[in-house]
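Trainee: I'm new to this one and would like some help reading it. Could we take it feature by feature?

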Amino acid sequence: MKIKEIVSALERFAPLPLQDGFDNAGLQIGLTDAEATGALLCLDVTEAILDEAIALGYNLVISHHPLIFKGYKSITGRDYVERCILKAIKNDIVVYAAHTNLDNAPGGVNFKIAEKLGLRNVQFFAGEKEVDGVKGGEGVIGEVAEDLAADDLVLMLKERFGVECVQCNQLLRRPIRKVALCGGAGAFLLDAAIKAGADAFITGEMSYHEYFGHEQEIQICVIGHYQSEQFTGEIFRSIIQENFPDAKCCISEINTNPILYL
């Protein structure tokens, strides 16, 4: 099949108009009329990711985070983004990103996080909109199978997401039943989670001052941006395998998280 057929399947699942205004999801580099030799699935595009695609003989890299966000007046290899652009073009690799459109899509990133936590009755709780017949939203809320103590929720997050450290506010002294979440930088949804009646809110990033004032109101759990979105490749793989059973695709073996815990 051609690369544009894979792109079309991704965009049926997560239409580009679902993305936030600041975003740059979609085709980043290359021509999609080429036959797809294979798709490498990743969170971030780095030089190591492109080298992995080259070694596999794949001419398509599908990432969650867009490689290109800002405008460039020249491409000279001054930073890793420019070097990636040059390497992709030189090796005829198409780079495509599904970012906040995939965050906001039903069955997208936030639903995958909820799946890993075993949440039930999962639904959007903020920023709901419909485009191209797809109903999306900015965060999801669901219920745990059995009420959890706050420290048990923390242990679950550490186990299921391979998190070395969960940043929390004061541990909640009541059972946790309803959990709201948003992968990546989801702190902007904290107030909406409280309004939706969540006992806990899970996200990837939150700044210092945002923790204040919510003691015994809601359990905040911040697990890291990369950690919260690390299973996004599973979504890409499911879309491709469902539409093109014979297509070659694999999730990258490279951990692109730039943050070290020492």
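Mentor: Sure, let's start with Tyr208, which is exposed because its relative accessible area is 58%. The cut-offs are these: buried means under 20% relative accessible area, exposed over 50%, and partly exposed in between, using a 1.4 Å probe and protein chains only. Keep in mind that this is a predicted model, where local features need pLDDT of at least 70, side-chain atom pairs count only at pLDDT 80 or more, and totals for chains, interfaces and linings use all residues. Residues are numbered from 1 along each chain as its sequence is written, and side-chain values use heavy atoms, with hydrogens and water left out.

Trainee: How are the rings of Tyr208 and Phe212 arranged?

Mentor: Rings of Phe, Tyr and Trp (its six-membered ring) pair if their centres lie within 6.5 Å; planes under 30 degrees apart are stacked, over 60 edge-to-face, and the rest tilted. That rule gives three aromatic pairs here. For Tyr208 and Phe212, the centres are 5.4 Å apart and the planes at 75 degrees, so the pair is edge-to-face. Phe212 is partly exposed, at 46% relative accessibility.

Trainee: How many disulfides does a search of the whole structure find?

Mentor: A disulfide is a covalent bond between the sulfur atoms of two cysteines. The test is a pair of cysteine sulfur atoms within 2.5 Å, and the search turns up zero. Take Cys168: the nearest cysteine sulfur belongs to Cys221, 4.0 Å away. For Cys249, the nearest is that of Cys250, at 7.2 Å. Cys168 counts as partly exposed because its relative accessibility is 27%, while Cys249, at 15%, counts as buried.

Trainee: Which residues touch the most other members of the largest nonpolar core?

Mentor: A nonpolar core is a set of buried Ala, Val, Leu, Ile, Met, Phe, Trp, Tyr and Cys residues joined through side-chain atoms within 4.5 Å. The largest one has 52 residues, and Ile62, Leu117, Leu157 and Ile202 touch the most other members. Helix α6 (residues 150-161) contributes the most, with six residues; helices are DSSP runs of H or I, at least four residues, numbered from the N terminus.

Trainee: And is Gln227 buried or exposed?

Mentor: Gln227 counts as buried, since its relative accessibility is 8%. You'll find Gln227 in helix α8 (residues 225-229). Setting aside residues up to four places away in sequence, Gln227 touches Phe161, Val163, Asn257 and Tyr261, where contact means heavy atoms within 4.5 Å.

Technical notes: Helices (H or I, at least four residues) and strands (E, at least two) are DSSP runs, numbered from the N terminus.
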